Amino acid sequence: MLPLDTLRGHADRLAGTTLASLFDADPRRGERMSVRAGELYLDYSKNRLDDAVLADLVDAAERAGLPERARAMFAGEHINVTEDRSVLHVALRKPAGESLVVDGVDVVAQVHEVLGRMAELATAVRSGQWRGHTGERITHVVNIGIGGSDLGPRMVVRALRRYVDDGLTVRFVANVDGADLESALEGLDPQRTLFVVCSKTFTTAETLANATAARTWLVDALGDDAAVARHFVAVSTNADAVAEFGIDQHNMFGFWDWVGGRYSVTSAIGLSVMLAVGPDHFGELLAGFHDMDEHFRTAPLAENLPVLLGLIGVWERNGLGMQSLAVLPYAQDLELLPAYLQQLDMESNGKSVTLDGEPVGHDTGPIVWGQPGTNGQHAFYQLLHQGTTVVPCDMIAVLAPLSGLRSQHDQLLANCLAQTQALAFGRSRQEVVDSGVDPALAGHRTFPGNRPSNTILMSELTPRALGQLIAAYEHKVFTQGVLWDVNSFDQWGVELGKTLARALVAEMDGDGAGAELDSSTRRLLDLYRQAR
């Protein structure tokens, strides 16, 4: 049970304590409140907490059974209780030769069989051995998916742009809005385009609508239904539907019900990533995930990077009452990371019932949002520094430049560190006046400070380091789910809207059964039908 009274007691005790005073009292705070894991360095010293808070948070994790729950996950126990499934994304990145038998099956062997077939396809496409229907080499790859089947591959390909084969252009389509597909296809040559359709059941409405439209685009251009087999591959488990679509079942890559969509980028869902960066670099990405899996599995809770991120988030949510988290990567190549983590966190822990199906007695997942610095500094940082809502921030920076413009990288890192400094320590009214500002304007130039942030530094943005970073957030989310006593691995909240949408589509086409609608929805539907 989450010790709310203890957390609130600490919050009351620290109410008058500033980060400045905590740093003054402990000259080594910045060095002491840090941890390394792989190529990541986490500085959590600029959070409004002390050793007593951390000790009680670690104790709460022990009492909630975090070590036992982690062991159960790694062993393949059915910890996704509402769907009676294992949660084994960690098995997707186990090295070849290891074994994990779950329900009588060695899942690691299965994983590497699929990885091997993915590597064969990627090598054939990248080498030019795989040819399109007219004999042309593939130069464009279009990934069609949605949610975890889109956000993960899209984010990773963007982050690893420096590793992408120069001869390939990789694009992504997710939105059922036809404009998304039209934009992705703009300027592409059908003879040179390969589509990767990602849908476990091959029934996902948005994905199938886009895949069908892409199929029509291809066949209309090449004039032969047989072309589909050379220009479409599938990531799915529905062999019959894949074959009916026209895709060769040999080019269907499966995954398992113990892989959740938002945890699936290291599964066959990452096929477009492997096509882009090659099997070797994809292997390095998997190795980075595994590095962090092992750290999370073996490191003591008080020295465990993902656990510390999770515990600090619980403290800010339940002790300090903070409602959101800003993810602010100071690396343009990580521009899609906030959106990826938004799904990972909010779909996992945006829950209001416990594992037993009872209402929770505390707040759960925060609202996650953000965009790269320094762009955000000229957009929403005003609120972060002087607004009435305090927003914890995760600042993520890469020590090695991502371009040849070294002086600009210096500016980028200086801005990142300066922002954490300004958030933490602010500037008092007296300091403003002493700097020569008109006292009448001093209030406008005062910064309250005492606003929390984590700083995560990466040595380089390599495939391995990126894998470590993503896995750290996966295990952070798991840690928080355990303390909040929610199931981080289902997502029933997305179902109702889908069901209602199917009924409304039937109404639009005149095939509905005259569903009873509220006056607002009925009026809005009528307006659309008139416009159509």
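This passage looks at an open sheet and at the enclosed cavities of a predicted model.

The sheet is a good place to begin. Its 5 strands run in the order β6-β5-β7-β8-β9 and pair in parallel. β6 (169–173) and β9 (252–253) form the edges; each has a single partner strand, so one side of each is left without a neighbour in the sheet. At the β6 edge, β5 (residues 140–144) supplies the pairing, which is parallel and extends over 5 bridges. Within this pairing, isoleucine 144 has valine 173 of β6 as its bridge partner. Helix α8 (residues 178–185) packs on the sheet and touches both β6 and β7 (193–198). The direction of α8 makes about 175 degrees with that of β6.

Attention now turns to the empty space inside the model. Rolling a probe the size of a water molecule over the atoms shows where such space is left. The count comes to 3 cavities of 30 Å³ or more. The largest cavity has a volume of about 120 Å³, and 15 residues line it, with Gly313, Glu316, Leu325, Pro366 and Lys476 lying nearest its centre. Two or more lining residues come from each of α14 (305–319), β10 (324–330) and α19 (463–484). Of the elements, α14 gives the most, with 5 residues. By character, the lining of the largest cavity divides into 7 nonpolar, 4 polar and 4 charged residues.

The second largest cavity holds about 40 Å³ of space. Its lining includes Leu92, Val111, Met118, Trp256 and Thr266. Here the division is 7 nonpolar and 3 polar residues, with no charged ones.

Definitions and conventions: Residues numbered from 1 in each chain as written. Predicted model: local features only at pLDDT ≥ 70, side-chain atom pairs only at ≥ 80, totals over all residues. Heavy atoms only, no water. 1 Å grid on protein atoms, 1.4 Å probe; cavity = no way out; pocket = protein on both sides within 12 Å on 5 of 7 lines; lining within 4 Å. Points joined across faces, edges and corners; volume = space filled by probe spheres on them. Helix = DSSP H or I, 4+ residues; strand = E, 2+ residues; numbered from the N terminus. Nonpolar A, V, L, I, M, F, W, Y, C, P; charged D, E, K, R; others polar. Pairing = 2+ DSSP bridges. Contact = heavy atoms within 4.5 Å. Axes fitted to C-alpha atoms, helices over the stretch in contact; angles between N-to-C directions.
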